Amino acid sequence: MTDETSTNRHEAYARIYENPEFKELRKRYSSFVVPMMIAFLVWYFLYVVCSNWATDFMSTKVAGNINIALVFGILQFVTTFLIAYLYARHARTKLDPIANKLRAQFDEEVSQ
C-alpha cells in the first residue's frame with residue numbers, strides 16, 4: 001500500500017467518522033450494549049454474592065436434588081444465549097443497514 005493510498009483511506013475514514021450516520025450507528029450500538037452489559041453483570045454478581053453469602057437461600061430445594069443455585073447457574077447460560085440472540089437481531093435490523101451504507105461509501109471513496 002502506497003503512502004497516497006494510506007492517506008486516502010485515512011481521509012475517507014475521517015470523513016465517515018464525522019458523518020451523522022456514523023454517530024447514529026455508535027449511539028445505536030451503545031444504547032443496546034451498555035444496558036445489556038450492566039444487566040448481565042448485575043445478574044452475574046447477584047449469583048456470586050448469593051452463592052457466597054446467602055447459602056441457605058441458594059441451597060433451597062426446588063425439585064428433588066435441584067436447588068436454587070443450580071437453577072441460577074443454568075439461567076446464567078440461558079441469559080448469555082438470549083443476549084447473544086437479541087444482539088444479533090439488533091445488529092441485523094438497526095446496525096447493519098447503516099454500517100453497510102457507510103462501508104460502501106468508504107469503499108467508493110478509497111477506490112477513486
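**View 1. Buried residues and exposed surface across the chain.** Buried residues account for 19% of the 112 residues in this chain, and what you're looking at is a predicted model. The chain exposes about 8200 Å². Carbon and sulfur atoms supply 64% of that exposed area.

**View 2. The fold from end to end.** Count along the chain and you'll get four helices and two strands. Their order along the sequence is α-α-α-β-β-α. With a radius of gyration of 23 Å, well over the 13 Å that the globule rule gives for 112 residues, the chain is more spread out than a compact globule. Put a box around the C-alpha atoms along the principal axes and it comes out at roughly 70 × 25 × 25 Å. As for who touches whom, take the contacts between residues at least 6 apart in sequence: 66% of them join residues at least 24 apart.

**View 3. The charges.** Here we have 12 positive and 11 negative charges. The mean position of the positive set and that of the negative set lie 11 Å apart.

**View 4. The largest nonpolar core.** Ten residues make up this one: Ala12, Ile16, Phe22, Leu25, Ala91, Leu95, Ile98, Leu102, Phe106 and Val110. Helix H1 (3-18), helix H2 (20-53) and helix H4 (68-111) each put in at least two residues. H4 gives the largest share of the core, with six residues. There's also a second, separate core of five residues, and Trp43, Cys50, Met58 and Ile68 are among them.

**View 5. A close-up on Phe22.** Phe22 is one of the residues in the largest nonpolar core. Skip the residues up to four places away in sequence, and Phe22 touches Tyr13, Ile16, Tyr17 and Leu102. Of these partners, Ile16 and Leu102 are also listed in that core.

**View 6. A close-up on Leu25.** Leu25 sits in helix H2. Is Leu25 buried or exposed? Its relative accessibility is 15%, and buried means under 20%, so Leu25 counts as buried. Once its neighbours within four places in sequence are set aside, Leu25 is in contact with Leu95, Ile98, Ala99 and Leu102. Leu95, Ile98 and Leu102 belong to the largest nonpolar core along with Leu25. For a sense of how the sequence folds back here, look at Leu25 and Asp96: the two are 71 residues apart in sequence, yet their C-alpha atoms are 8.9 Å apart in space.

Definitions and conventions. Residues numbered from 1 in each chain as written. Predicted model: local features only at pLDDT ≥ 70, side-chain atom pairs only at ≥ 80, totals over all residues. Heavy atoms only, no water. Rg over C-alpha atoms; globule rule 2.2 N^0.38 Å. Buried < 20%, exposed > 50% of the residue type's maximum accessible area, 1.4 Å probe, protein only. Contact = heavy atoms within 4.5 Å. Areas by Shrake-Rupley, 256 points an atom, 1.4 Å probe, with all protein chains shown as cover. Lys, Arg positive; Asp, Glu negative; His and termini not counted. Charge placed at Lys NZ, Arg CZ, Asp CG, Glu CD. Core = buried A, V, L, I, M, F, W, Y, C linked by side-chain atoms within 4.5 Å.
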